[in-house]
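Thank you all for making time this morning. I would like to walk through one structure with you, going from charged side chains to aromatic rings, then to the backbone and the surface.

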Amino acid sequence: MGVIDHTARPDSESKTQRDTRLRKVAAATIIGSMLEWYDFYLYAMMAAIVFSKVFFAPADSKTATLLALSTFAIGFIARPFGGILFGYCGDRFGRKRMLVATFCLMGVCTAAIGLIPGYATLGIWAPVLLVVIRILQGLGAGAELAAAAVTAYEHADEGKRGSQAAWPALGLNLGLLLSSLTVYLLTLQGDEFLLAGGWRIPFICSILLVAVGMWVRSSLPETLDYQKLRNIEPAPGALKKVVENPLFTLFKKDLRGLFVVLFVAIGYNALSYIFKTFSLAYLTQYKGISANITSLSVTIASLIAIFSVPFFGFLCDRWSSKNVLIIGGVLSGIFAYPFMALLESGQNLWIYVAIGVGTGVLAPMMFAPQGSFMSRQFPTRTRSSGVGTGREIGTAIAGGLAPLGALALVSNSPTQSTSGVVLILFMAAVVVVVAACLDQGGKYSKFKN
C-alpha cells in the first residue's frame, strides 16, 4: 500500500505571501521551459541551414549537412543522462537547487554556441567544441522540464495542480514562438544574412533570458512537499536525507509509475516531433516549401498554443489530467490521416491549418496535462527521479527516431507515400491512451488532477 503524499499548504502563509510565492514559481518554471524550447528549435533550424557551412569542411556539402544534423541528435542522446542525474539530485538535495543548476548550464551553453569560431578559423576544433557544448547543453535540457513540472506541481494549491503544473508547457510554447519568429525575421531576405554571421545573434542574445531566469529562480523557495519530506521548516536549514538513493528506491518500489511516464513520453513525443519536426523536413525536401513559410507556420501554431495550454490546464482541474491526456491521444489518432493529407497538398493555407491544429492544439492537449499526470505517478521521495528518468528516456527514443523513421519511410517509398507516417502517428496515439489508462495517481494523491 503506497503512502499518500499530499501536503497541506501552511496555515501561517497569508494570501499576499501565497500570491507572491506562486508568481515566483510561475515565472521560474515558464522562463526555464521557454529557454529550453527556444534553444531546441533555433538549433534545429540553424543545424539544417547554417552549421554545415560554418563548422564543417566545405568540400563535401552532403556529408557536412549530415554531420551538422548529427550534432542536433547528440543533444537527444545526452538528455536521458541529464534527466537521471539531475532528477536524482533533485530528490537528494532539493528542487530549487536543480532548477538553478540546470537553467544555468543550459543557458550558458546556448550563448556559448554563438561564440564558437567557425571551421575557417579553428579547423577540426570548431565542430569538436560544438559537440562538447551540445552535450553539456543536452544534460541541462534533459532535466529542465521535469524539474520545472515537479516544482510547479508541488507548489500548487490542491485543486489547481493541473493548471499550475501546465506552466512549463506554456513556457515551451513561448520559446517555440520566440525562436520561430526569430528565424522568420532573419530569413525575410533569404539565407545570406544568416551565413554572414547573423545566426550568432539569437544565440548570444539568449544570455538575457539566462540573466532574468537566474534572478527569478534564485529567490524561489523550496517546495512545501519537499520541505515536509525532509522534516525541515520553511526557513533555511540542513537537509535530512530521508532517501539515500532515490534511483534505487525508484526501481524497487515505483517501477509501474516509471513505465507509465516512459510510455506516455514515447507516444507523445512521437506525435509531437512528427507534427513539428518531420513536417518541416517533409515540406522542405518533398514540397519545395521555403524556410520562411515553415517557420511562419510554427509561429502561428505556437501563438495558438499560448492560449490552448492554459485552457487545457484548466480542464485538468475540472476533468483530471488523465482524461485530458486520453482525449488528446484519441483526437491525435483521428487527425493522423487529415494531417498528412493537408501537408501533401503543398498549399500554404492548408500547411498552416495542419501544423496549427497538430502543434497548436493537439500537442498542447497532451502536453499540458503531463506536469500533473507524471508527477502524481510518484511519491515525493522519488518524484524528481521518476519524472526526469522516465520522460527523458522516452523523449530520447521517440524524439529522434520517430521523425527520422517517418522521413525514411517517405524516402524509401517509390511514390513518396505518407501512409507509413499516418500509421506511426496512429500507433503513437494508441500508446498515449493505453499508458494514460494505467494511471496510478490515486495511490499517492487523493486529488483527481
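Before anything else, a word on naming: helices here are DSSP runs of H or I with at least four residues, numbered from the N terminus. With that in mind, please remember throughout that this is a predicted model.

Let me use that numbering straight away on a backbone point. Q416 is found in the loop between α17 and α18, and its phi is near 55°, a positive value in a residue other than glycine. Q416 counts as partly exposed because its relative accessibility is 40%. A second residue belongs beside it, namely S320, whose phi is near 95°, again positive and again in a residue that is not glycine. S320 sits in the loop between α13 and α14, the latter covering 321-344, and with a relative accessible area of 7% this residue is buried.

Now to the charges. As a general remark, side chains of opposite charge can pair when their charged atoms come close. In this model the count comes to 14 salt bridges, and I will take three of them in turn.

The first one I want to show joins E154 and R383, with the closest N and O atoms 2.8 Å apart. E154 belongs to helix α5 and R383 to helix α17, residues 383-412, so the bridge ties together parts of the chain that are 229 residues apart in sequence. What is the relative accessibility of the two partners? For E154 the value is 0%, so the residue counts as buried, and for R383 it is 2%, so R383 counts as buried as well.

The next pair is R381 with D254, where the closest N and O atoms are 4.0 Å apart. This pair, too, links distant parts of the chain, since R381 is in the loop between α16 (370-375) and α17, while D254 is in the loop between α11 (246-253) and α12 (255-286), 127 residues apart. Here the two ends are placed differently with respect to the surface: R381, at 22% relative accessibility, counts as partly exposed, whereas D254, at 1%, counts as buried.

The third pair is D439 with R376, whose closest N and O atoms are 2.5 Å apart. D439 lies in the segment after α18 (419-437) and R376 in the loop between α16 and α17, so this bridge ties together parts that are 63 residues apart in sequence. D439 counts as buried at 15% relative accessibility, and R376 counts as buried at 6%. Beyond single pairs, salt bridges that share partners join D91, R95, E154, R161, D225 and R383 into one network.

There is also a charged residue without a bridge. D317 lies in helix α13, residues 291-319, and this residue is buried yet has no salt bridge. Which side chain of opposite charge is nearest to D317, and how far away is it? It is K160, at 4.9 Å, and the cut-off for a salt bridge is 4 Å. The side chain of D317 does, however, reach the backbone nitrogen of G162 at 2.9 Å.

Let me turn to the rings. The structure holds 15 aromatic pairs. One of them is F76 with Y273, an edge-to-face arrangement with 5.6 Å from centre to centre and 70° between the planes. F76 is in helix α2 (residues 61-93) and Y273 in helix α12, so to speak two distant parts of the chain, 197 residues apart, that the pair links. Both F76 and Y273 are buried. Another pair, F311 with F312, is tilted, at 5.6 Å centre to centre with 55° between the planes. F311 counts as partly exposed at 45% relative accessibility, while F312, at 6%, counts as buried. In addition, Y43, F51, F55, W199 and F203 form one aromatic cluster.

Finally, the surface. L122, I124, W125, V128, L129, V132 and L136 form a nonpolar patch there, with about 610 Å² of accessible area together. Which helix gives the most to this patch? Helix α5, residues 125-155, does so, with five residues. L136 is found in that helix and, at 36% relative accessibility, counts as partly exposed.

Definitions and conventions. Residues are numbered from 1 along each chain as its sequence is written. This is a predicted model: local features need pLDDT of at least 70, side-chain atom pairs count only at pLDDT 80 or more; totals for chains, interfaces and linings use all residues. Side-chain values use heavy atoms; hydrogens and water are left out. Patches are made of residues with over 30% relative accessible area and no salt bridge: like charges are joined within 9 Å, nonpolar side chains (Val, Leu, Ile, Met, Phe, Trp, Tyr) within 5 Å. Accessible areas come from the Shrake-Rupley method with a 1.4 Å probe; for residues, only the protein chains shown count as cover. Buried means under 20% relative accessible area, exposed over 50%, partly exposed in between (1.4 Å probe, protein chains only). Lys and Arg count as positive and Asp and Glu as negative; His and the chain ends are not counted. A polar contact is a pair of N or O atoms within 3.5 Å; within protein, one must be able to donate a hydrogen and the other to accept it, and residues adjacent in sequence count only if both atoms are side-chain atoms. Rings of Phe, Tyr and Trp (its six-membered ring) pair if their centres lie within 6.5 Å; planes under 30 degrees apart count as stacked, over 60 as edge-to-face and the rest as tilted.
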